[in-house]
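Reader: Hey, I'm new to this one. Could you walk me through it?
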Amino acid sequence: MRFELLRPQTLTEALTLLDKYRERGKIIAGGTDLLVNIKDRLINPDYVIDIDNIPALSDMHYDGEQLLTIGAGATIRTLERSDDVAKKCPVITQAAGQLGSIAIRNVATVGGNLCSAIPSADMAPALIGLGSRVKLTSLQQQRIVALEDFFTGPHTTVMRPDELLTEIEIPLPKPGTKGIYLKHAIRGTMDCAIVGVAVIISISASGNNCQDIRIVLGAVAPTPIRARNAEAIVRGQDIDGFLVNKCAEMAAHEATPISDARASAEYRREMTKIFTRQALRALWQDMSVDS
Amino acid sequence: MTEYSVVGKSIPRVDAFAKVTGRAKFTTDYSFPRMLFAKILRSPYAHARVLHIDSSRAKQLPGVRAICEGKDVPDKLVGLMLLDQYLIARDVVRYVGEPVAVVAADSAEIAEDALDLIDVEYEELPAVFDGEQAMRQDCPVVLHPDLPKYKGIRSAGSLPPPDPDRPNVFSTWRIRQGDIDKGFQEADLIVENKYTSHGFNHCCLEPHVADAWMDEEGRLCVRASRRAIWRLRSIISDTFDIPRSRVRTMEPYVGGAFGSKATPRQDLIACLMTLATGRPVRLLLTREEVFFDTYSSNPTVVYIKDGVTGDGTLVAREMKLILDSGAYSQHTVYVVRNGGFGSVGTYRVPNFKWDAYGVYTNNFLAGSLRGFGSPAAEFAIEQQMDIIAEELAMDPVELRQKNILREGDRNSMGMVTHSIGAEQCLAKVADWIEWNNQPKASSGPWKIGKGIALGNKYTTADTTSCVFVKVHPDRVLEVRHGVDPTGQGVNTVLAQMAAEEFRIPVENVRVTWGDTDSSPYDRHSGSSRSTWNTGLALIRACQDAKRQVFAVAATKLGVNPADLETKDWVVSCRGHPQKVIPISDLFSSLRFVPTIAEFLGRGEYTCPFIPEDSNGQSESVAAYWSHGAHAVEIAVNSDTGEVKVQRIVGAFDMGTPINPKMCEQQIEGGIGMGIGGCIYEEFVTDRGRVLNPNFHDYRIPTTTEVPSGKNVSAVIAYVPHSQGPYGAKGLGEAVLSSVAPAVFNAFYNATGVRLFEQPLTAERVWRMLRKTNKADTP
Amino acid sequence: MKQMIELNVNGVKEEVLIEPWWTLAEVLRDQLNLMSVKVGCNKGDCGSCTVLVNGEAVKSCLLLAAKANGKDIVTVEGLSMDDKLDPLQEAFIEHFAVQCGFCTPGMILCAKALLNENPDPTEQEIREALRGNLCRCTGYVKIIEAVLAAKGRLNIRSSR
C-alpha cells in the first residue's frame with residue numbers, strides 16, 4: 001500500500017485533482033472499502049484524494065418540506081443517529097443500522113457505500129426505494145442522476161473518472177408512506193447481505209389499497225434492482241395474502257443472483273421471496289394497525 | 001472437599017492487569033533494529049510440478065535482501081512425526097498456498113512487490129479433494145509416491161508400514177476389545193450411520209508470527225506466537241544442523257492457540273531468512289494466510305455401527321474414521337491415534353472395533369484443534385445414542401445413564417476409569433434445560449428444539465514436565481515453567497498451586513516462562529495437560545525448594561528438618577513455637593561468608609506410560625479423562641435455514657477446580673467455539689482454493705451468536721482425581737466435543753430431520769429441509 | 001512524501017512524521033510504541049485494533065493516520081493513567097473477561113465508546129455494540145457481564 005495522499009480543502013480543489021489524475025486517482029471518504037481493496041492489491045492508485053476536509057460534503061439539510069439533501073461525506077453513523085432522518089425517512093435509519101459494526105459506521109460514508117457499488121451495499125435499496133437522486137459534480141458540470149440508474153454493474157457506476165458524487169437528494173415520502181429494509185445475513189450487520197429488500201409503499205387512507213410501491217433488491221443482481229413486475233402485481237390493488245405471495249414470487253423471479261462464497265444463486269433467489277414476503281407482511285400489518 | 005487457602009479460589013488471573021492495561025507483550029510488540037520482513041510466494045495450484053522459478057527481476061528490486069527457493073533450503077524433509085515436507089516446495093506443490101519462494105526485504109511492502117516479480121512456471125497435475133476417494137487403491141492421484149521411504153521422527157506405533165492398497169494413507173491406528181461379531185449377534189438393535197465433520201479453523205485472534213535473529217554469541221534465536229519452545233528448538237537444530245545449545249527459542253504471551261501454533265513452519269522460514277541475511281527477520285502471516293497455510297481441524301468421515309440389547313445396553317460398537325490431513329501429515333498422525341481415546345472415554349462397550357486412517361489430499365492443511373480427533377468421533381457417538389434411544393423408545397438421558405462408564409470400569413482400550421463425573425454432569429445439564437418439559441411452542445417459521453450430549457477428553461500420558469521454583473529473599477517465589485500461556489490461564493493455576501505449597505499469598509508468586517535460556521523443559525500446553533503435568537512438576541519443585549530451605553533452617557534452629565514447616569515466609573518447628581526463622585534470614589549475610597545464596601527447587605514429572613499393544617490396549621496410555629455434558633435449546637428457521645442457539649449449559653468435571661471462575665471461562669469459551677464450529681463456520685473451497693479466508697466471510701460467532709446472561713450457564717462437577725495436583729485434571733479441550741452433537745440432537749428435536757454432516761450453515765439446513773419436505777410430499 | 005501530523009494521544013500532543021499510506025494502527029504501534037493496539041486481521045473485521053477517535057470507536061487498521069490529524073486518540077494505555085484503572089478495566093479483571101488478552105484492549109475501548117454514549121445499556125444493547133469485536137477465548141459471556149458491572153460503577157461514581 002503506497003500512494004500520495006492529497007487533501008483538498010475545497011470542492012473545486014478536489015475536482016481539479018480528480019480531473020488531473022483521472023484513473024490514477026481514487027477518492028477516499030471513510031476508506032473502509034478503499035483501504036481493504038488497496039491492501040488486497042485489487043487496486044493500486046498513485047493518488048488518493050481525501051475529501052474529509054470539505055465541509056460542504058457532510059452537510060445535511062431540508063429544501064422545503066419536499067427534499068432531504070445529504071452530503072455524500074455524511075457517515076453512516078450520522079444518518080443512523082439523526083432524529084430528523086428517523087422522523088422523516090425511518091427506512092434510512094433502519095438501513096444505516098444494518099451496515100457493519102458501529103466502529104465501521106463511525107467512519108464509512110453514505111457516498112462511499114454508493115460509489116463502491118457493491119451489489120449488496122446496504123444503503124442502496126432504501127435510497128432507491130425513496131426515489132433518491134445523486135448529484136455528480138465535475139469541473140465542467142453538475143448532473144443529477146436517479147440512484148436507480150446510477151449503478152451499472154459490480155463496482156461500476158455511470159460516474160466518469162472526473163466526477164465526484166457530492167450529494168444525495170431524497171424526496172421526502174408523502175404522509176401515509178411506509179418503508180422497510182430487511183437484510184438477510186447470517187451474522188446480521190457483520191456480514192454482507194445475502195439479499196437486502198427495501199419496500200416503500202403508500203396505501204390509501206381508507207383501507208388497504210396500494211397506491212404506489214417500490215420494491216428494491218440488493219445483492220441478487222449485478223446492481224441493486226427494482227422488482228418492477230412484482231411492484232405491478234400489487235400497485236393499485238387491494239392487498240391480501242394471496243397478492244403478497246404472488247408479489248414475493250415475482251420479485252424472486254426478477255432477481256438474477258450469482259453463486260459465490262456467501263451463498264448460492266438458488267438460495268439467494270429463494271431468500272428474495274422469503275424476505276420480500278416478510279417485508280410486505282410487516283408493512284401491511286403496520287398499515288392495518290395505523291388505520 | 002478439602003479446604004485450601006488459595007487452591008480452589010477464584011482469585012483474579014495473574015495476567016489480567018497486564019492485559020487490560022495493554023502492557024502484556026506479544027511477539028510483534030518487540031522489534032529489532034534493521035529488521036527485515038519476509039513474505040511468501042505461494043502456489044496457485046492444488047497440485048502441480050514446479051518447472052522453473054526465475055527470481056532475477058525480484059532480486060533487482062531495491063530493498064530486497066534475500067530470496068530463497070526450494071533449492072536453497074536444507075535438503076531434508078521436515079515434519080512433526082512423519083518427515084514429509086520440504087521447508088519450501090521442491091519440484092512439486094501439493095496444495096493451494098504451498099510456499100515456493102520467500103523474500104526478505106526492508107519492508108513488508110517491498111517484499112510483497114518482489115513476489116510479483118518472481119516468475120514461476122507450473123505444470124498442473126490432477127488433484128484429489130475427497131478423503132475417502134484418496135484412500136482408495138485406485139485413486140489416480142498419489143500425493144507422495146515416496147511415502148514408503150519417508151522417515152518418522154519417533155517410533156510411535158501409529159506410523160504403519162506402507163500399504164500398497166492405500167497409497168495416500170500415511171497413518172493408521174486400531175483398537176480391538178472383546179469379540180465384535182459376537183457382540184452384534186447379541187444385539188437386538190443395530191444402528192449404522194455415516195457422520196461427516198468439516199475442517200474448521202482455530203481463529204486465534206493473534207495471527208501466527210515468528211521473529212528470528214542472531215544474538216551476540218552468534219546463536220540463532222526465535223521468538224514466536226506458538227507453543228512448544230523446546231520441541232521447536234530441536235526441530236530448528238535438526239533442520240539446520242546447528243547444535244541444540246546454539247539455538248534459543250522464546251515465546252511471550254500468545255494470543256490464542258486451541259491446538260494450533262504447534263508446527264514449526266513460520267519459525268523455520270524466519271530462521272532460513274536470518275541465516276541467509278544475517279539480519280533479524282519477521283514472518284507475520286496475514287489473516288488470509290492463517291486460514292490456508294497453517295492448519296485447521298481434520299475434515300473427518302466416521303462410519304459407526306452400534307449394537308444394543310432391548311434394554312438399551314451397548315454391546316458392540318464398530319467405528320471407522322477417515323481423517324483428511326491435506327497435503328502433509330503434520331499433526332494428523334497423533335490425531336488419528338488419539339481420536340480413539342475420545343471414542344472410548346464415555347461409555348462401557350464390551351465389544352469394540354475401531355480403525356482410523358490419516359489420508360493425504362490436495363485440500364488445505366489440517367491437524368489438531370481442541371480435542372485431537374475426539375470431537376469428530378463424539379459427534380457420531382452422541383447422535384447415535386439419541387437415535388438408539390428413539391428406536392428403543394427410551395429417554396436419551398436414561399439411555400446414556402445406563403451405559404456411562406463408572407468408577408473402576410475398564411474402558412474399551414483397557415484403562416481403568418477413575419474420577420468420572422459424566423453422570424453428574426448429565427443430570428446437571430438436564431436439570432438446567434428442564435429436560436422433561438417440552439420446548440416452547442414454535443412460532444412462525446421458527447421451530448424450537450432441545451438436545452443433549454456427553455463429551456470427554458483424555459490427556460496423553462507419554463510426556464514430561466519440569467519446573468524450577470526459586471525462593472527470593474524479598475518474599476518473592478519465582479515459578480519458571482516451560483509451557484505456553486495461550487490464554488488458558490496456566491500462569492494463574494501454577495501461581496495458585498505454588499502459593500498453596502508455600503502457604504504464602506498468591507501475590508508473592510511471580511511466574512516466568514517461554515525462554516529456553518532460563519525456562520525448564522516441558523512438552524507444551526496441549527492435550528489439556530498443563531494443570532496436571534506441569535502442576536505435578538511444580539509441586540515437586542516446591543517440595544525440593546522447601547527441602548533446601550528446611551535443611552538450612554534446621555541447622556540454624558538446631559532441629560530436625562522433618563519437623564519444619566513454612567507459612568507466610570517464616571519457617572517454624574512443629575511443637576516448638578519459639579523455634580522460628582524468617583526465610584529471608586536463611587540467605588547469606590553480607591560478611592563475605594558464602595553460606596546460602598540460592599534456593600532453587602527443581603521438579604520433574606513424567607506420567608506413567610505403557611505403550612499400547614497391537615490391539616490398541618494399554619493399562620496406562622492416558623493420564624486421565626475429563627468428562628462433561630452440554631444441553632441446548634435452539635431455534636431453526638424453516639424458511640431461511642438459520643439456526644440460533646437460544647440457551648445452552650455446559651457441565652464438566654475437572655477434578656478439583658483450581659480456579660473455578662477460570663474453569664467457567666473454559667466452559668463458556670468451548671460453547672462459543674462449539675457454536676461457531678457446528679453452525680456458522682465453514683471453509684468454502686474451489687479445487688483446493690479457500691474462497692473465504694477472512695473474518696468477513698468465514699463467520700466466527702460475534703456477541704450476538706452466543707447466548708449470554710441467564711441464557712448460558714457453566715457448571716462445575718467436583719470429582720477429584722487421586723493422582724492429580726490437588727485432585728485437579730485438565731479441562732481445555734473437553735469443553736468442545738459435546739456442543740456439536742447436542743446442537744444436532746436439538747435440531748432433530750426441532751425439525752424431525754436428522755442431519756449427519758457439519759456444519760448447520762443456513763443454506764445447508766435450508767437445502768436439507770427442502771429435500772426432506774419434498775420427499776415427504778407424495 | 002512524508003508529512004507531519006499532530007495527534008492528541010491519551011492527552012499528550014504528539015507530532016509524527018508519517019507516510020501518507022500509514023494507517024493509524026501502524027502509527028500508534030510503530031511510531032508511538034502504543035502496543036496495546038493489536039492487529040488481528042488488518043481488514044476491519046476483528047476489532048482488535050479499536051481505538052477512540054474523538055470519543056468514538058474506530059478500527060485503526062482502516063483509518064489513514066493522516067485523517068486523524070488534530071484529533072483526540074485514546075488507547076487502552078490512556079485509560080489507566082497513574083495506575084488508576086478505568087471501571088471497565090477493573091470489571092474486566094474482576095469478572096474474568098480476559099483470557100489470551102489479544103482482543104482485550106479493543107474490546108474495552110469499544111465498550112468505553114458505548115458507555116460514553118449510553119451510560120445505561122441493556123444486556124442486548126451491549127451485545128449489539130460489541131459485535132464488531134471478535135473474541136475466540138471467552139464465548140463473550142464474561143465480557144458482557146463485565147460491561148454490565150462497569151456501567152453500574154460508572155453510574156455510582158457519576159452520581160456521587
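Author: Sure, we can go through a sheet, a loop residue and the cavities.

Author: One thing up front: this is a predicted model.

Reader: Okay, the sheet in chain C. In what order do its five strands come?

Author: The order is 2-1-5-3-4, in an open sheet with mixed pairing.

Reader: And which strands stand at the edges?

Author: Strand 2 (12-18) and strand 4 (56-59) of chain C. Each has a single partner strand, so one side of each is left without a neighbour in the sheet. Ignoring direction, neighbouring strands here are turned by 40° against each other on average.

Reader: How do strand 1 and strand 5 of chain C run, parallel or antiparallel?

Author: Parallel. Strand 1 (residues 3-9) and strand 5 (residues 72-74) of chain C are joined by two bridges. In one bridge, N8(C) has D72(C) in strand 5 of chain C as its partner.

Reader: Which strands does helix 3 of chain C lie across?

Author: Helix 3 (residues 104-117) of chain C lies across strand 3 (50-53), strand 4 and strand 5 of that chain. Its angle to strand 3 of chain C is about 35°.

Reader: Switching to chain B: where's E507(B), and is it buried or exposed?

Author: E507(B) is in the loop between helix 13 (490-502) and strand 21 (509-513) of chain B. With a relative accessible area of 66%, E507(B) is over the 50% cut-off, so it counts as exposed.

Reader: How far is E507(B) from A734(B)?

Author: Their C-alpha atoms are separated by 30 Å, and the two residues are 227 apart along the chain.

Reader: Now the holes. How many cavities are there?

Author: Eight of 30 Å³ or more in the whole structure. The largest holds about 570 Å³ of space. It is lined by 34 residues, and Q488(B), S528(B), Q666(B), L731(B) and G732(B) are the closest to its centre.

Reader: Which helix gives the most to that lining, and what classes of residue are in the lining?

Author: Helix 15 of chain B gives the most to the lining of the largest cavity, with three residues. By class, that lining has twelve nonpolar, 17 polar and five charged residues.

Reader: What about the second largest cavity?

Author: The second largest cavity has about 250 Å³ of volume. Of its 26 lining residues, S197(B), F200(B), S297(B), P375(B) and A376(B) are the closest to the centre. Helix 10 of chain B gives the most to this lining, with four residues.

Reader: How many charged residues are in that lining?

Author: None; the lining of the second largest cavity has 13 nonpolar and 13 polar residues.

Technical notes. Residues numbered from 1 in each chain as written. Chains lettered and ligands numbered in written order. Predicted model: local features only at pLDDT ≥ 70, side-chain atom pairs only at ≥ 80, totals over all residues. Heavy atoms only, no water. Pairing = 2+ DSSP bridges. Axes fitted to C-alpha atoms, helices over the stretch in contact; angles between N-to-C directions. Contact = heavy atoms within 4.5 Å. Buried < 20%, exposed > 50% of the residue type's maximum accessible area, 1.4 Å probe, protein only. 1 Å grid on protein atoms, 1.4 Å probe; cavity = no way out; pocket = protein on both sides within 12 Å on 5 of 7 lines; lining within 4 Å. Points joined across faces, edges and corners; volume = space filled by probe spheres on them. Nonpolar A, V, L, I, M, F, W, Y, C, P; charged D, E, K, R; others polar.
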